[in-house]
Amino acid sequence: MMEWGNSLIWPALASAVAMSAIVAARYVLTSGGFAWLTRVRHPQLYAGLDHQIRSEIGWSMASALLYGLPAGILLWGWDRFGWTRLYTDAASYSWWWLPGSVIVYLALHDTWFYWTHRWMHRPAIYRRVHAVHHASHPPTAWAAMSFHPWETLTGAVVIPALIMTIPIHVGALAVVLTIMTVMGVTNHMGWEMFPKVLVNGRAGNWLITASHHQLHHQRNKCNYGLYFRFWDRLCATDGGLGSFEPQRRRARAVARDDRHPDRDRRAA
Ligand SMILES: [Zn+2]
Ligand SMILES: [Zn+2]
């Protein structure tokens, strides 16, 4: 009996640890990549934020560990017991389900995120759980997974729960995870990478990019959505698009201050 238990526990644990390492590596590569791009496009944007960035990286690494646990165990269970609704043969379902499943997954993830996010803005919960994420003021590309462990847990269960209940092709799941990762990073990086014609156009009325989430970090009481503005519009919590100018002004002031000859004397 004991031996049987060990033969299940250790491979499951190994899979969870491996998945945590993959999530951590994915975070370092994606956030690091976009932080580098930020340096190229807006050289001073993160000036004076070293302390905040260190804290963002610390919380994010802890999040990587927590995200990896359910995901790794699920991957092991899929391989061993067929726990999930993942499929590898594209012909198993109709062709339209390939893009259809991506949209359904994103819409359900967005719904879960919107309502748990609004709940986390209730004052008592906010102080204990969500304040860590809002300590990123202004946010940077490193803030993508900067969450308190309780907040991370609310996010870590949603994709595994969907994978266990709604069929999805592994390729379609890869698309969902890529969108999730890239948008999580770019929505926080402090500038808009998508063209104005998209952000200010008809599609931008319904899609969330950095311009929308920036305002959430500025005002703390609007724009709760993740991918789509649907719930924000329906529940009248949509505050429109934010401006990156305050962040740029702050960066210019810090950079100017750093070059001031009296800087060290004033700091002392
Ligand atoms: Zn929030
Ligand atoms: Zn945020």
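Okay, let me start in an odd corner: Ala236 sits in the loop between α10 and α11 (245–259). This alanine has a positive phi of about 55°, although it is not a glycine. Ala236 has 69% relative accessibility, so it counts as exposed. Before I go on, remember that this is a predicted model.

There's another residue to put beside it. Asn223 also isn't a glycine, and its phi is positive, near 55°. You'll find Asn223 in the loop between α9 and α10 (230–234). So is Asn223 buried or exposed? It's buried, with a relative accessible area of 0%.

One more backbone oddity while we're here. His137 and Pro138 are joined by a cis peptide bond, with omega at about 5°. Pro138 belongs to the loop between α4 and α5. As background, most residues other than glycine have a negative phi, and most peptide bonds are trans.

Okay, zooming out. The chain has 12 helices and 2 strands. Going along the sequence, you read α-α-β-α-α-α-α-β-α-α-α-α-α-α. The radius of gyration is 20 Å, close to the 18 Å that the globule rule gives for 268 residues, so the chain is as compact as a globular protein of that length. Along the principal axes, the C-alpha atoms fill a box of roughly 70 × 45 × 40 Å. And of those 268 residues, 46% are buried.

Now the metals. Which residues hold the zinc ion that is ligand 1? They are His117, His121, His130, His134 and His216, each through NE2, at 2.0 to 2.2 Å. Along the chain, those donors are spaced H-x3-H-x8-H-x3-H-x81-H. His130 is in helix α4 and His216 in helix α9 (residues 210–219), so that pair ties together parts that are 86 residues apart in sequence. Both ends of the tie are buried: His130 has 1% relative accessibility, and His216 has 0%.

The other zinc ion, ligand 2, is coordinated by the NE2 atoms of His133, His188, His213 and His217, at 2.0 to 2.1 Å. Why do we call this arrangement irregular? Because the 4 donor atoms subtend angles of 93 to 159° around the zinc ion (ligand 2), and a tetrahedral call would need all angles between 85 and 135 degrees. The spacing of the donors of ligand 2 is H-x54-H-x24-H-x3-H. Here again distant parts of the chain get linked, with His133 in helix α4 and His213 in helix α9, 80 residues apart. His133 and His213 are both buried.

Last topic, pockets. The largest pocket holds about 980 Å³ of space. It's lined by 47 residues, and the closest to its centre are Arg26, Tyr67, Ile159, Leu177 and Met180. Helices α1 through α7 each supply at least two residues of that lining, and α7 gives the most, with 7. What's the lining of the largest pocket made of, by class? It comes to 29 nonpolar, 16 polar and 2 charged residues.

The second largest pocket has a volume of about 250 Å³. It has 14 lining residues, with Glu192, Phe194, Lys196, Ser211 and Phe244 nearest its centre. That lining splits into 6 nonpolar, 4 polar and 4 charged residues.

That's my tour. Let's pull it up on the screen and talk.

Methods
Residues numbered from 1 in each chain as written. Chains lettered and ligands numbered in written order. Predicted model: local features only at pLDDT ≥ 70, side-chain atom pairs only at ≥ 80, totals over all residues. Heavy atoms only, no water. 1 Å grid on protein atoms, 1.4 Å probe; cavity = no way out; pocket = protein on both sides within 12 Å on 5 of 7 lines; lining within 4 Å. Points joined across faces, edges and corners; volume = space filled by probe spheres on them. Helix = DSSP H or I, 4+ residues; strand = E, 2+ residues; numbered from the N terminus. Nonpolar A, V, L, I, M, F, W, Y, C, P; charged D, E, K, R; others polar. Donors = N, O, S within 2.8 Å, 3.2 Å for Na, K, Ca; no water. Buried < 20%, exposed > 50% of the residue type's maximum accessible area, 1.4 Å probe, protein only. Tetrahedral: all angles 85-135°; square planar, octahedral: opposite > 155°, others 65-115°. Rg over C-alpha atoms; globule rule 2.2 N^0.38 Å.
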